Amino acid sequence: DVLLKHIPAGSRLLEVGMGPGNDYAWMSKVYKSTGSDYSEEFLKRAQERFPEAQFLQLDARTLDTRLSFDAIFSCKVYQHYDLQETKAALQRQHEVLGSSGVVAHAFWTGAGVSETHKGMTFYYH
């Protein structure tokens with residue numbers, strides 16, 4: 001419901017770091033959704049769940065695509081990147097978005113703290 005306040009139904013939406021497609025399941029009913037992930041395994045699982053869908057293998061930092069979108073969404077993806085990587089990713093997203101595009105990312109919040117758990121670093125912005 002919060003997304004619909006800012007991103008009209010039917011908009012072209014890119015989901016970054018979609019994992020196995022849990023958010024894609026509901027977003028694809030409202031938006032012209034394109035899912036993406038860097039993991040081949042997650043893309044394989046999502047394609048099995050949604051055989052008619054279009055998925056892209058993209059690095060969340062560089063979004064190496066020529067497609068453009070009305071909105072870009074992620075849920076707890078950019079917490080894996082430090083502030084400079086996240087800023088660079090946002091600059092690239094600006095290039096991928098249309099002129100009135102919307103970015104909607106969910107982060108874990110904190111005051112510049114980071115922690116490492118099982119070899120993965122989490123940044124709290």
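Select Arg61 and Asp59. Their side chains meet in a salt bridge, 2.9 Å from N to O. The model is predicted, and this pair is a good place to start. Colour the two by exposure. Arg61 is partly exposed, with a relative accessible area of 33%. Asp59 is buried, at 15%. Now add Glu85 to the selection. Asp59, Arg61 and Glu85 are linked in a network of salt bridges.

**More charged pairs**

How many salt bridges does a search of the whole structure find? The search finds five. Go to Arg12 and Asp70 for another one. The closest N and O atoms of this salt bridge are 2.8 Å apart. Arg12 lies in strand S1 and Asp70 in strand S4, so the pair ties together parts that are 58 residues apart in sequence. Arg12 is partly exposed, at 32% relative accessibility. Asp70 is partly exposed too, at 28%.

Next, select helix H3, residues 40-49. Show Glu41 and Arg45. The two lie four residues apart in this helix, about one turn. Their side chains form a salt bridge, 3.1 Å from N to O. Glu41 has a relative accessible area of 38% and is partly exposed. Arg45, at 41%, also counts as partly exposed. Side chains of opposite charge can pair when their charged atoms come close.

**The strands**

Switch to a cartoon view. Select strand S1, residues 12-15, and strand S2, residues 32-37. S1 and S2 run parallel, joined by four bridges. To see where they face each other, pick Leu13: Ser33 in S2 stands opposite. Add helix H2, residues 22-30. Together S1, H2 and S2 make a right-handed β-α-β unit.

Now bring in strand S4, residues 69-75. S1 and S4 also run parallel, with three bridges between them. Pick Glu15 in this pairing. Its bridge partner in S4 is Phe73.

Stay with S2 and select Thr34, which is found in this strand. Is Thr34 buried or exposed? At 6% relative accessibility, Thr34 counts as buried. Show what surrounds this residue. Setting aside residues up to four places away in sequence, Thr34 touches Leu13, Leu14, Glu15, Tyr24, Gln54, Leu56 and Phe69.

**The rings around Tyr24**

Tyr24 is the next stop. The count of aromatic pairs comes to three. One of them joins Tyr24 and Phe50 edge-to-face, 5.0 Å centre to centre with 65° between the planes. This pair links distant parts of the chain: Tyr24 sits in helix H2, and Phe50 in the loop between H3 and strand S3, 26 residues apart. Tyr24 is buried, with a relative accessible area of 6%. Phe50 is buried as well, at 17%.

Add Phe55. Tyr24 and Phe55 form an edge-to-face pair, 5.1 Å centre to centre and 65° between the planes. Here Tyr24 in helix H2 meets Phe55 in strand S3, 31 residues apart. Both Tyr24 and Phe55 are buried. Keep the three residues on screen: ring pairs link Tyr24, Phe50 and Phe55 into a cluster.

**Pro20 in its loop**

Leave Phe50 visible and select Pro20. Pro20 is placed in the loop between strand S1 and helix H2. Pro20 is partly exposed, at 27% relative accessible area. Which residues is Pro20 in contact with, leaving aside neighbours within four places in sequence? They are Phe42, Ala46, Arg49 and Phe50. Now draw a distance from Pro20 to Glu48. Their C-alpha atoms are separated by 9.5 Å, although the two are 28 residues apart along the chain.

**The nonpolar cores**

Finish inside. The largest nonpolar core has 14 residues. Select Leu14, Val16, Ala60, Leu63, Ile72, Val77 and Tyr78, which touch the most other members. Strand S4 and helix H4, residues 83-96, each supply at least two residues of this core.

Centre on Ala60. Not counting residues up to four places away in sequence, Ala60 touches Val16, Val77, Tyr78, Tyr81 and Ala89. Apart from this core lies another, of eight residues. Ile7, Leu13, Tyr31 and Phe73 are among them. In soluble globular proteins, nonpolar side chains tend to be buried together.

Conventions
Residues numbered from 1 in each chain as written. Predicted model: local features only at pLDDT ≥ 70, side-chain atom pairs only at ≥ 80, totals over all residues. Heavy atoms only, no water. Core = buried A, V, L, I, M, F, W, Y, C linked by side-chain atoms within 4.5 Å. Buried < 20%, exposed > 50% of the residue type's maximum accessible area, 1.4 Å probe, protein only. Contact = heavy atoms within 4.5 Å. Pairing = 2+ DSSP bridges. Right-handed = clockwise from strand over helix to strand, strands pointing away. Salt bridge = Lys/Arg side-chain N within 4 Å of Asp/Glu carboxyl O. Phe/Tyr/Trp six-rings, centres within 6.5 Å; stacked < 30°, edge-to-face > 60°.
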